[in-house]
Every structure is written in structure tokens, then in C-alpha cells.
Amino acid sequence: NLFIEEALNNGACAVIVSKDYYDNAASSHNPLYQKSLNRIIKDNIPLIVVDDAVDAVSKASSFFYKYPSRELALIGITGTNGKTSTAFMIESALKAGGFTPGLIGTILYRYKDKEIREIEYTTPKSLYLQRMMRQMISEKITHVSMEVSSHGIELGRVTDLDFEVAVFTNLTRDHMDFHKDMDDYFNAKKKLFTDLLPKSTRKNKAAIINIDCEYGRKLTDFVRLLSGVKLYTYGFDPEADIHVDTYEFNDSGTVFTVKDGDNSYKFELTLIGKHNIYNALAAITVAMKNYGVDYKSVYNALAHEAVVPGRLERVLKGYNVFVDYAHTDDALMNVLTSLRNVFPQKRIVTVFGCGGDRDKGKRPKMGKIVSDLSDYSIVTSDNPRSEDPINIIESIVAGMRRNCFEVIPDRKMAIKKAIESMNREKDVILIAGKGHENYQLINGVKHDFDDKAIAKSFLQK
């Protein structure tokens, strides 16, 4: 609203405003509001008053770019953990199957030979999304593997997209600074399946849900009531349509077998951990069940192509030093349990912190998980944003039950200490929380900071 006058000076030919603005502009003491409203009246500028201006942006941009999602097979992946890995795996499996997929997510947006890494949101705003999807169509993209955050759903960024497939990975505590409770968080995720998917104009609509998660089971009850939406379930539970029969971890990754009715398939992953099997199951279900990609293509994609930056990523060959994006208690539990399964005889050292200006309730929970599952840990700073890093660290330490840790607020020094103290034969180091990120946010300033690059430089020394 503050920039209406500037927009008109730059050639805008009409104005859409919210009813709140329209009702309050005349009586506002802000001279910019009064000036813009007077300009609209004086120059007889078309003025459209709507209940929700953000929703209007979504509808206008969808129309302006000629409804691009109606020409793409759009696969939305939602859940607390695993969205990024699942999106990458789906992209790899569809590409191996002969399709030309695009990717929209936390780490990057990419299609054809284009990559966009300077991104602001996991799920972009509606205008950006519609424009990018129209560009994807011009590059002959057929499918889009897209992370859908609860913020993206609640803030109207995906309201006017036509999804063909919706994937639910899991739901654990996160974003309690945005959602009032877990029910509110679940209801936001549920909208992808019960609101957005049913109204889609696509014909081959499917919901793919992890039923090992209690919220996933709850979600299936709602989806079964929908008409025109196929339901596929996955998990370790034998009741799931696609379920794990056997699995094992080794230094090279993960080997597991999957049952689909009377059929059995063996898969391999370079990634380790039970949580990555779940991500792979979702990708297998999307590719094989919904899009008919053959087993051999999916096998090769998962075994060789599905590389996910910053997700239990080994820093340097020959060293058991990993970076991971885990920034919730559940994600930390998954990663540390995976490392314990693969390296049962080794000492696990975890370097981690918590982000500032975010859900404070998860900090002691994360501290407890790390102290329970690590042999030693170094508590440090993550992205403190506007908060005092020491206050964040104190909240983490409050949940730690064993005195096998130290505090080093400077993240670079914390990583240095962990690596310089490392016994190459006996130790495993996990640097958690930032994964693929190449920056640190301190007092509103973005500083260059890459966990992997920093750890690698110390290892090489």
C-alpha cells in the first residue's frame, strides 16, 4: 500500500487493494496513503477492492501466466522432515524414466540447464511460482517436484496451483512460532490433500501418504472420502501398499527390499538411514505406481543419481565427518540413530545449535536428543538472527541430561575443535543444523558460512 503512488508513476494502469486499506486510507494519518488514494480518485484509476489482496495476487498471476500448472504434472511434497530429499529423489526417478522434470525446494529451483540458488522461501510466492512454471513450460518441462511448506499453504502461495500428486512424509514438532499447536500445523498440511488436490483440474490425481506416522494414518481417513483421488500408502508397516521387507546399512549406504503386492524389488541408496528409506519409498511410489517408470530406471536413479546436498553428506572421502540439515528434535534423532546403526562401535561427536527467532520450545528437546544419542557434543551458534546466541545456547543446554558436552559459541571454532580432536579410526562427527546452507544470519546480516567447506578445510590441514 505504501508503494501505490510509485507504482502509478511507473505505469500501473489499475490498483487492487484490500477492503481494510480502502476503509482506512481516507482516515489514515499516513500521507502516503492519502496521497495515493487522492491520485486514484483524481486520475480516475480503476480501483478493485478485495477481501484478501494476497489471494488476488495469486489469482491474477495465475490468469496472467495462463494457468501453467494445468500443463504440468505438479507433485507437491509436504511434511516436517524429508521434503527436500524426497523432492530430489522424485526428480531423479522421473528423469531416469524419460520425463523432463523440474525441481522447486529449499536448496534450489532448477529446470533444464537453469539453477536458482539464491532463494528466499522453500515455497516461493504465487507470482514467482506462476512465472517460473510458465518458463518451465517454454523449456519443455513435463513434471515438477515441489516442496510445499505449511507457510506456503497458509499464506496463499499455492492456492491457485493445480496439483496432480500430493505426498505426505511425516509430521513432528516444528514451526510452533507460526502455528498455535500441532492440530493447527496438521490442518495446514491437510489442506494440500483435502482442499487443493480435489479442486485441481488434473485427471491423474493421487495422494501418497506415509502411514507409519500417526498423522499420516489420520490423513488417509480424510483422503478416502474424496472422489477422483487415488490413494497410495507407504511405510515399513505391512499394511502399506508399498512397504519395506528387509533393509541394512553399510559404509557405502543402504540396501533395502520393497514389497508391492506380490512383487518384490531391491534398491540401493548412497544415503544412509531409515529416514532416507522413507524418502525413497515416497519417490518409488510416485515414479512406479503413479507414472509407470520401470523398476530398473528407478533403481539406477536412487543408486547413482539421487544426490541431496547437505543431507548426511560426507565432507571428505576417508573421514567419517558428515553435515546434515537436521534442525528439529525428530530429524536429529533420525540422523543420529542412522549413524549409530552404521557405526555401532564408534564414538559419535555432534556439533549443533538452534536458529534464533524461531520455535523456542524445540531447543531443550534438541539438546536432550543430542545428549542421549551422542557420546560427546559441542553446542554452538546456528543462525541466531536477532537473538543473543548465548540465550539460545542456554535454552538448548537446559534439556541436556549428561555432562558430556561443551559450549563454543563461535561455530567455526566449534567445528575446528571437533575435527582437531578427532580420532580418524574411532570417531564419527556430525555437524548438524545448516546442511546445504552457505551463510549465517547474525543481527540481520548474512555472512558467508558453509559447514562443509569449513570442515573440509580443517580436515585437509
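**Exercise 1. Determine which sense of pairing joins β15 and strand β19 (residues 427-432), and over how many bridges.**

*Solution.* In this predicted model, β15 pairs with β19 in the parallel sense, and four bridges connect the two strands. One specific partnership can be located at Asp324, whose bridge partner in β19 is Ala432.

**Exercise 2. Describe how strand β14 (residues 313-314) is joined to β15, and state what lies between the two strands.**

*Solution.* Step one concerns direction: β14 and β15 run antiparallel and are joined by two bridges. Step two names a pair: Arg314 has Phe322 of β15 as its bridge partner. Step three concerns the connection: the two strands form a hairpin, with six residues between them. Within the turn, Gly318 has a positive phi of about 95°.

**Exercise 3. Establish whether the residues on the two faces of strand β15 (residues 321-324) are buried or exposed.**

*Solution.* The criterion for a buried residue is under 20% relative accessible area. On one side of β15 stand Val321 and Val323, and both are buried. On the other side stand Phe322 and Asp324, which are buried as well. Both faces of the strand are thus covered. Two of these residues have appeared above: Phe322 is the partner of Arg314, and Asp324 is the partner of Ala432.

**Exercise 4. Classify the packing of helix α5 (residues 83-96) and helix α10 (residues 274-290), and characterise their contact.**

*Solution.* The axes of α5 and α10 are 8 Å apart and meet at an angle of about 40°. Because of this angle, α5 is oblique to α10. The crossing of the two helices is right-handed. From α5, the contact draws on Ser85, Thr86, Met89, Ile90, Ala93 and Leu94. From α10, the contributors are Asn276, Asn279, Ala280, Ala282, Ala283, Val286 and Ala287. Sorted by class, the contact of α5 with α10 comprises nine nonpolar residues, four polar residues and no charged ones.

**Exercise 5. Carry out the corresponding analysis for helix α8 (residues 182-199) and helix α9 (residues 214-223).**

*Solution.* Here the packing angle is about 45°, and the axes of α8 and α9 are 11 Å apart. The two helices are therefore oblique to each other. Their crossing is right-handed. On the α8 side, Met182, Asp183, Phe186, Lys190, Phe193 and Thr194 make the contact. On the α9 side, the residues are Tyr215, Lys218, Leu219, Phe222 and Val223. The contact of α8 with α9 contains seven nonpolar residues, one polar residue and three charged residues.

How values were computed
Residues numbered from 1 in each chain as written. Predicted model: local features only at pLDDT ≥ 70, side-chain atom pairs only at ≥ 80, totals over all residues. Heavy atoms only, no water. Buried < 20%, exposed > 50% of the residue type's maximum accessible area, 1.4 Å probe, protein only. Pairing = 2+ DSSP bridges. Axes fitted to C-alpha atoms, helices over the stretch in contact; angles between N-to-C directions. Parallel < 35°, antiparallel > 145°, perpendicular 65-115°, else oblique. Left-handed = near helix turned anticlockwise from the far one by under 90°. Contact = heavy atoms within 4.5 Å. Nonpolar A, V, L, I, M, F, W, Y, C, P; charged D, E, K, R; others polar.
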